[in-house]
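Me: I am new to this structure and would like to go through it step by step. Could we begin with how far the model can be trusted?

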Protein chains: 2
Amino acid sequence: MMRPVIQKTTEEILDLAIPLFAQSGYTGVSMRNIADVVGIKAASLYHHFPDKQTLYIQAMARAFEDKAQGFSTVLTVTGTPEKRLAGFVQMFTTLMSKDPEFRALLQRELLDGDEVRLKQLAREVFHEPFIAMESLAEELVPGCDTHMVAISIASLILYHLETAPIRRYLPGGKTRHNKPDVISRHVTSLLLHGLKGCRK
Amino acid sequence: MMRPVIQKTTEEILDLAIPLFAQSGYTGVSMRNIADVVGIKAASLYHHFPDKQTLYIQAMARAFEDKAQGFSTVLTVTGTPEKRLAGFVQMFTTLMSKDPEFRALLQRELLDGDEVRLKQLAREVFHEPFIAMESLAEELVPGCDTHMVAISIASLILYHLETAPIRRYLPGGKTRHNKPDVISRHVTSLLLHGLKGCRK
DNA sequence: CTATGCCTAACGAACGTTAGTTAGTATATC
DNA sequence: GATATACTAACTAACGTTCGTTAGGCATAG
């Protein structure tokens, strides 16, 4: 009896599990769901991971580890602080816009993540780019609260993307509002000049 | 044999279910979980609701319906547009800060809500206050994209609150950054003057 | 030959849900 | 005022399914 010889590595399983967790969350995904998309039986998953929790944590770690370096490169641009801000906002918006999976996982971790996972996420993924953002903030506005400024920048970009599903039904919502270019221009001018920078 | 005569109304059950769904999400809460906090058996829930989905949808409706009018009152302030913006930001921040349950439910709906639920949420909860925010935006910055401005205002406030759990572990995160007054002042000056308004 | 990766089969627990029953309460009839 | 009727909200018991997980066997690669 010949069975197909499709040996899945641990990494391949994680890569297939990540989109599932992003879409449905930890409790919304079963070991059988994961096994199905991998193409093996649920019991076989236990040769790669001791339990579901470990599989999930490793999937998160993998989903986030690649991002860390992606973010850093976004912040190595040169030029005036204003140009660098504009460049960062544009690239960050494009990057995040292309990766709704990452955004969903981040949102879910903010909702459900325990202290240990959040601490790890902060240290291994966001620490470095966050510091780069803070130093950019310090250059732009010496003496400002760099922590709050960095959060504000990220919040403007991420929330425009995350609210896309409901903004369709809110007054004035247009398809254009989901385009990375439109968002990044709006955010940049808002940051540089306040609301009055949003005049036509 | 005397059984305790503790009759639970449908509304009481919903009120008890709401915090559970806020904390653990739809798939993270079982009918028995809900029954336990209500103090009845799971089967008895089916005298009030035909199934879990309906219970959840009614719980969401109830959790959100009170908010609709709360938001509207926040926007009936008078004065110069700048003062009104400052007042709105302050009140909205305080309101949202006091209600992490509502924020969690909103975030979960953005992640998991289907088109029908999001459309309902937009129409019944956010439509009116959103229009009020847009007219405020139009007063402040005639000819601006009011939709984007309204979203930006909300995003600044909500993301500062939602990221609180992870900001503890990010550089420069202080307890003060979670205080409604600090957040609303930061957001107001950012909106009115851009980043340079954040100078000390 | 050993280790690995997958299989089938099964476990106990929990899941959403249904059926049938009981106690209490309000309403209508005699 | 007593009695019958109907309704409500709870109960116990169980259904079939799915959950995470374990045990044991078979095949392939090194």
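Reply: The mean pLDDT of chain A is 90, and 95% of its residues reach 70 or more; pLDDT is the predictor's confidence in each residue, from 0 to 100. This is a predicted model, in which local features need pLDDT of at least 70, side-chain atom pairs count only at pLDDT 80 or more, and totals for chains, interfaces and linings use all residues. Residues are numbered from 1 along each chain as its sequence is written, while chains are lettered from A and ligands numbered from 1 in the order in which they are written.

Me: Over which residues of chain A is the pLDDT below 50?

Reply: That applies to residues 1-6 of chain A. Beyond near neighbours in sequence, this stretch has one contact in the model, a contact being two residues whose C-beta atoms, placed from the backbone, lie within 7 Å. Where pLDDT is low, the predicted coordinates should not be read in detail.

Me: How many helices and strands does chain A have?

Reply: Chain A has nine helices and zero strands. Helices (H or I, at least four residues) and strands (E, at least two) are DSSP runs, numbered from the N terminus.

Me: How do the two copies relate?

Reply: A turn of 180° with a shift of 0.0 Å along the axis lays chain A on chain B with an RMSD of 0.1 Å; the superposition is by least squares on the C-alpha atoms of residues with pLDDT of at least 70 in both. The two copies are thus related as by a two-fold rotation axis. In chain A, the C-alpha nearest this axis belongs to Gly194(A), at 1.8 Å.

Me: And how many residues does each chain put into the contact?

Reply: Chain A gives 57 residues and chain B gives 57 residues. On the side of chain A that touches chain B, the largest share, twelve residues, comes from helix 7 of chain A. That side divides into 28 nonpolar, 19 polar and ten charged residues; Ala, Val, Leu, Ile, Met, Phe, Trp, Tyr, Cys and Pro count as nonpolar, Asp, Glu, Lys and Arg as charged, and the others, Gly among them, as polar. Because 100% of the interface residues of chain A are also interface residues in chain B, the copies meet through the same surface.

Me: New topic: which residues of helix 3 of chain B meet helix 6 of chain B?

Reply: Among them are Ile57(B), Met60(B) and Phe64(B), and the residues they face in helix 6 of chain B include Leu121(B) and Val125(B). The contact of these two helices of chain B comprises nine nonpolar, one polar and four charged residues.
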